[in-house]
Amino acid sequence: MYEDLLKPGTKYANLLKPIKIGKMTVKNRMKYAATVDNFANSDGSLGDKEISYLEERAKGGFGIVTSMGGFTDPLGKGYMGQMGLHKDEFIPGMKKLSDAIKKHGAKSVAQIMHTGRYAHPHEYGLGDAPVGPTAMAAKIPRYHPCRELSVAEIKQLIEDHGQAARRIKTAGFDGVEICGIVGYLIANFLCAWSNKRTDEYGGTLEKRARFYLDILRRVRKEVGPDYPVICRVNATDHMDGGNTEEEYIKVAKWLVDNGADALSITVGWHESNEPAITQEIKQGHWLYLATNMKNEIKNVPIVMAYRLNRPDVPDKAIADGIIDMWEMCRPGIADPELPKKVTEGRPEDIATCPACNLGCFMRIFFDSTMACMINPRVGREYEEAAKIKPAKKKKNIIVVGGGPAGMEAARVAAMRGHKVTLYEKSARLGGQLNLAGATPFCSDWNFMIAYYANQMNKLGVKVNLNTPATADLINKAKPDALILATGARQARPNIPGVDKKNVVMAFDVIEGKAKTGQEVLVWGGRAVGVQTAELLASQGKKVTIVEDAKRIGRDINAFNIWGFRHRMAKAGVKILLSSKVESIGDQGVVVNTEGKQQTLKADTVVIAMEMEADKGLLEELGSMAEVEEIHSVGDCVAPRKAYNAVHDGFRVAVQI
Ligand SMILES: Cc1cc2nc3c(=O)[nH]c(=O)nc-3n(C[C@H](O)[C@H](O)[C@H](O)COP(=O)(O)OP(=O)(O)OC[C@H]3O[C@@H](n4cnc5c(N)ncnc54)[C@H](O)[C@@H]3O)c2cc1C
Ligand SMILES: Cc1cc2nc3c(=O)[nH]c(=O)nc-3n(C[C@H](O)[C@H](O)[C@H](O)COP(=O)(O)O)c2cc1C
Ligand code: SF4
């Protein structure tokens, strides 16, 4: 499957066709989506960090590069480093951004986004509550209850959007986009659940849509008839009390009737209790929403992102007339050169985003600057230290370990002109990612392995599989530098009965090396335990997880864990929290839950407890190492995540 999707020379003729949005001609069908990255200054002005970040996407070949959503007044600021569109004094900085994008042949579009109930005026110094159509409590603890907007304030907000559009046009952007999605202010008005007003801005769908349409009309009046205006609108809310798909088609039609030149359609709210953007959603799953819209709306392009992380599906969707343009956020964070690679028929070189959400969503929601698991350069594009430059002195480098840390180190070192040899003791590259990718709903990790394996090959890294590197091998080879990326292994806790035949390791279960009975107790409820449990449940086994912490999956990020919880509940996986396995005997497994003992029946016990850093080779080398420069990267430093592995590998290789 992966080989097919990664075939060098693949043509994506549909993605390369120019397209018109209003009077604007765009060179291809690839749009970099609006992305709040927290790279703006605290007052909302823009600096080098944001400009160089987006310039790199323009250079990478996107037809349109969209700015992050900018707030129209400080009460609409939802992110620590969100762009501000509320002051004329920001226009020169905005102009630098539009110039940087246009320089590379991309069209520059700036997005207007008032975050409504998701704003943080307390934290960002205003001392007011967030605003919404109706006062209500927040569903997510991160947010505060909002207060109700007066009609006068609503009119002011409409005017603010018009003024923001004026600044955008004055700053030289080619177009403007209005964000009416995923639970921000406009969506709050559109949805009956969050809009209980009884005046002209609440009640029927028509009245709830008035705020959006008033904004659109005000923006249109400000920018004139020929200036491209794109409207982002949900196609489904996935909220109890949210709008139906039919209602959104009506809203979309009204937007077009009122001057939208293109629609970017989206899925869900931040508060939705259905997954929209995680790996469990298959590529192209949401395209049916575009089909429904297309059936009703023929006269403007439909643009869509959401779990379209490889070119194959969107290329076909364009050919089939389902969408007109492939929008992408995370795939463009992960690989700014994705369009260039598509254009050049090099799908095998795309660093595919596996929707891990570790660097992007997880960081921006918690007031950090955006980063990316697979792309350590994100937000550092302008920094000399993050540039992959030719090495001053070309070295012979040995990398031990073919997991993400070792392969990223090898990739960057080889790009810099070093001669790199990699040793991997197993028969394949990928390290633990092979295990991650073998569990249900996580197969996108395999694209990451394939990407790295291709880069090893193309960059001339000499890969030796089935070759454990030993101190002897290293000392004989005498490299100028040694990078240890030996990863982590599973720890085997020492309790009575742990050596019994029916006790197996989770890694062996995932790899299919160890068989389990029908009733399985998984000991450990972090990522490895949770993913193993899900795998076993998918095989029809009766699974119980025993976890010593108060919650399951504490090393799985907040964006992904609830999907696991939901699926495990559906599959009937039993979870015992605050519980310890004390012994494994013939009568069963003795489990202690907060001082209360019980004996559980299990045909097999699967160990999925702590990981331990594999420092074997480092210790073997000891003081006898005949290498001047030794670096350790990834899980062999401390067991962590793919994010840390890749970032460690990059950091060392970029300066070695
Ligand atoms: C089931 C599972 C699910 C996971 N899910 C996620 C997730 O969703 N998100 C996330 O970010 N992370 C996840 N991880 C963790 C992530 O895979 C690891 O953090 C990452 O792979 C560590 O990378 P590494 O290169 O440091 O080490 P590893 O991936 O462990 O690779 C080390 C490599 O070194 C080789 N090696 C060791 N010693 C030698 C030697 N002497 N000679 C030659 N080769 C040697 C090993 O065979 C191995 O291939 C998951 C892990 C597992 C097991
Ligand atoms: C870090 C991050 C920031 C985002 N910021 C915005 C934003 O400012 N405006 C917006 O309309 N959507 C925003 N989105 C949503 C994306 O534009 C996109 O619709 C969504 O991520 C799904 O597409 P993808 O699967 O290609 O990532 C953001 C997404 C991410 C990951
Ligand atoms: S952090 Fe993960 S999900 Fe976010 S863009 Fe990077 S690879 Fe994709």
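**Figure 1. Packing of helix α18 against helix α19 in the predicted model.** In this predicted model, α18 packs against helix α19, which spans residues 558-570, at an angle of about 35°, and the two axes lie 10 Å apart. The crossing in which α18 passes α19 is left-handed. On the α18 side the contact is made by V530, A533, E534 and A537, and these meet F564, R567 and M568 of α19. Sorted by class, the residues of this contact are five nonpolar and two charged, with no polar residue.

**Figure 2. The surroundings of ligand 1.** Ligand 1 is surrounded by 39 residues, of which G401, G403, G431, G487 and G634 are the closest. Two or more residues of this shell come from each of the elements α13 (404-415), α14 (433-436), α18 (527-538) and α21 (642-653), so that α18, the helix whose packing with α19 opens this series, appears again here. The shell around ligand 1 is made up of 21 nonpolar, twelve polar and six charged residues. Because domain 2 (390-490 + 613-653) and domain 3 (503-609) both give residues to this shell, ligand 1 lies between them.

**Figure 3. Domain 2 and domain 3 in contact.** The chain is divided into domain 1 (13-365), domain 2, which is made of the two segments 390-490 and 613-653, and domain 3 (503-609). Taken over C-alpha atoms, the centres of domain 2 and domain 3 are separated by 31 Å. To their contact, domain 2 gives six residues and domain 3 gives ten residues. On the side of domain 2 that touches domain 3 there are four nonpolar and two polar residues, and no charged ones.

**Figure 4. The surroundings of ligand 2.** Around ligand 2 there are 24 residues, and the closest are A33, G69, A305, C329 and R330. The elements that each give two or more residues to this shell are strand β4 (64-70) and the helices α10 (330-334) and α12 (361-364). By class, the shell around ligand 2 holds 17 nonpolar, four polar and three charged residues.

**Figure 5. The surroundings of ligand 3.** Ligand 3 has 14 residues around it, and those that come nearest are R330, C353, G359, C360 and C372; R330 is also listed among the closest residues to ligand 2. The shell around ligand 3 divides into eleven nonpolar residues, two polar residues and one charged residue.

**Figure 6. Helix α2 beside helix α3.** Helix α2 (residues 48-59) packs with helix α3 (residues 91-102) at an angle of about 20°, with 8 Å between their axes, and the two helices are therefore roughly parallel to each other. The crossing of α2 past α3 is right-handed. From α2, the residues E50, I51, L54, E55 and A58 meet K96, L97, A100 and I101 of α3. This contact consists of six nonpolar and three charged residues and has no polar residue.

**Figure 7. The crossing of helix α7 and helix α8.** The axes of helix α7 (residues 245-257) and helix α8 (residues 287-296) come within 10 Å and cross at roughly 50°, and α7 and α8 are therefore oblique to each other. In passing α8, α7 makes a right-handed crossing. The residues that make the contact are E245, I249, A252 and K253 of α7, together with L289, N292, M293 and E296 of α8. By class, four of these residues are nonpolar, one is polar and three are charged.

Technical notes. Residues numbered from 1 in each chain as written. Chains lettered and ligands numbered in written order. Predicted model: local features only at pLDDT ≥ 70, side-chain atom pairs only at ≥ 80, totals over all residues. Near = placed C-beta within 6 Å. Helix = DSSP H or I, 4+ residues; strand = E, 2+ residues; numbered from the N terminus. Nonpolar A, V, L, I, M, F, W, Y, C, P; charged D, E, K, R; others polar. Axes fitted to C-alpha atoms, helices over the stretch in contact; angles between N-to-C directions. Parallel < 35°, antiparallel > 145°, perpendicular 65-115°, else oblique. Left-handed = near helix turned anticlockwise from the far one by under 90°. Contact = placed C-beta atoms within 7 Å. Domains from an automatic or database assignment.
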